[in-house]
Amino acid sequence: MDVNATLLIDGNWRSTPIGSPVINPATGAVLTVQANAGTGETKEAIAAAANAFKSWRATSGFARSEIMTRAAALIGARAETIGRTLALETGKLLREAIGEVRFAADYFAWFAGEARRLEGLSGFGGRAGGQQLVLHKPLGVVGVLTPWNFPVSIQARKIAPALAAGCTVVGRPSELAPNSVVELYQCLQEAGVPAGVINLVTGPAAPITEALLEAYEVRAITFTGSTPVGKMLYTRSAQTMKRLALELGGAAPFIVCADADLSLALDQAVIAKFRNYGQSCVGANIFYVDQSQYSAFLEGFSARVKALKPGDPLQPETTFGPLINAKRVQAIRDLQKAGEEAGFEHIAAAPDLSAAPGAGLSPELYFPPALFAAPALDRVDQAFLNQEIFGPLAYVVGYSNLDELLDRLCQNPLGLAGYVFSENTAQALRIAARLELGITGINDGLPSAANAPMGGVKDSGLGREGGHQGIEEFMDLQYIALGKPLLA
Ligand code: NAD
């Protein structure tokens, strides 16, 4: 297979002599071969971005907004095509993949609006004998590093605010899912983003990341992925004093209170846990259920887990497909064993792939979703509850003392998302406010939105994406003192 032209450098698509295969996890087939950018190609991309920054930062927010509005429309119009590419390379359900691409379009539409509003931001103040001006300035070149689990929407929620602010971009998608990101960048190029403003480098992480970390012109790195890699980037960025935005792992608690609407909680539990087969940073990690609802919750959840259907992610009747690779399958097997040792009992599982019609699927990466339970919080090992599951295993724990539960949850170093189900809004808000989290859904298993600030606290990261706050990650302030007042 030829190596595809998956590098976008200074407006030109390029290939490399050697590439890496992109695999369809549902079948094991090689889909394409991505180009492997090395240090040289990445340095070229950084130089192109630094050069393009000179003119892009000088365009008006209105002009940037127009281009981004066109990009949003193009991405939306191609949601089915890009969604199919995304589903093939990640094994994600086609309907979820199309939804993800539409969500990516939302980010461009939202930040197109923010780009217009930036024009009014620079302030004008006064001091004795002079005046003051504060400029809001784009940072410069931004390195955009993203994972495979939401390859298009996570790139979009980083690129859109960076472009809106007036920054230029060198992006690297995960080597596991670069093709849908290539199609995203094609939309941006067709929408009129000038050459050099967005650059894409594909291939193994090390040489690309090294070049980005070392370059002084790269003034910010925005990364989504695991906590250990995020901490490494944070440490290494000190050498060139880059701004860091980090969206890292989570271990979202899903709390079902005594007065919860059980049917709503159960339906939302399935979404919060099994969307993308649990491979989501905001995915529900452990379900904490008040003793009074414990048996009924387990019964309802068990029925829903057994009803999940394995199959081809492109087919509408399928509700779960493959995990991304053998490494994740092994990690989930290990977790299942650790869960048993930590005090959980197996309750139910979805059927395995032998129950799925159709040919061509490879069973290796299919791991049937399963449900486990422990009736009392104090009988479960805390270390197990604190870790990120990131897969299709659901763990339910009964609790009897809400205060004690909240204290324990706050001891978790991970603090990305969480969920509270209660019919008493005041109580749900009090619980949400007490949790040390960046995002909380109250009676809502899917709180993600382009106009909301998303991000975590403690080991779950730094900074916010989306909302107005998302653009501030890519701007710096310059204070200018005027010794001779303009308005004398
Ligand atoms: P990962 O950290 O292994 O990989 C993320 C990206 O970093 C990939 O592109 C990968 O190629 C690259 N990478 C891996 N090792 C690297 C290294 N040593 N140097 C430089 N780059 C490196 O994570 P993953 O397995 O792809 O994704 C799963 C993790 O990401 C989970 O912990 C999940 O919670 C987290 N995540 C967080 C969010 C969020 O918004 N907070 C979203 C999705 C995923």
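**Ligand site and domain interface: exercises**

A backbone N or O atom of L248 lies 2.8 Å from a nitrogen atom of the ligand. The model is a predicted one, in which local features need pLDDT of at least 70 and side-chain atom pairs count only at pLDDT 80 or more, while totals for chains, interfaces and linings use all residues. Residues are numbered from 1 along each chain as its sequence is written, and side-chain values use heavy atoms, without hydrogens and water.

**Exercise 1.** Determine which residues are closest to the ligand, and describe the polar atoms at S226 and T146.

*Solution.*
1. The ligand is surrounded by 25 residues (a heavy atom within 4 Å).
2. The closest are E175, S226, L248, C281 and E388.
3. At S226, a polar side-chain atom lies 2.6 Å from a ligand oxygen atom.
4. At T146, a polar backbone atom is 2.8 Å from an oxygen atom of the ligand.

**Exercise 2.** Characterise the interface between domain 1 and domain 2.

*Solution.*
1. By an automatic or database assignment, domain 1 comprises 7-248 + 461-480 and domain 2 comprises 252-449.
2. To the contact (heavy atoms within 4.5 Å), domain 1 gives 25 residues and domain 2 gives 29 residues.
3. The two domains bury about 2000 Å² between them (accessible area lost, 1.4 Å probe, summed over both), with 61% of it on carbon and sulfur atoms.
4. On the side of domain 1 that touches domain 2, the elements giving two or more residues are α3 (79-90) and α4 (94-118); helices are DSSP runs (H or I) of at least four residues, and strands (E) of at least two.
5. Between the domains, the count of salt bridges (Lys or Arg side-chain nitrogen within 4 Å of an Asp or Glu carboxyl oxygen) is 0.

**Exercise 3.** Explain why the salt bridge of R14 and E44 ties together separate parts of the chain.

*Solution.*
1. The structure holds 15 salt bridges.
2. In the pair R14 and E44, the closest N and O atoms are 2.9 Å apart.
3. R14 belongs to strand β2 (residues 12-14) and E44 to helix α1 (residues 39-56), so the pair joins parts that are 30 residues apart in sequence.

Terms used
Polar contact = N/O pair within 3.5 Å; in protein donor to acceptor, adjacent residues only side chain to side chain.
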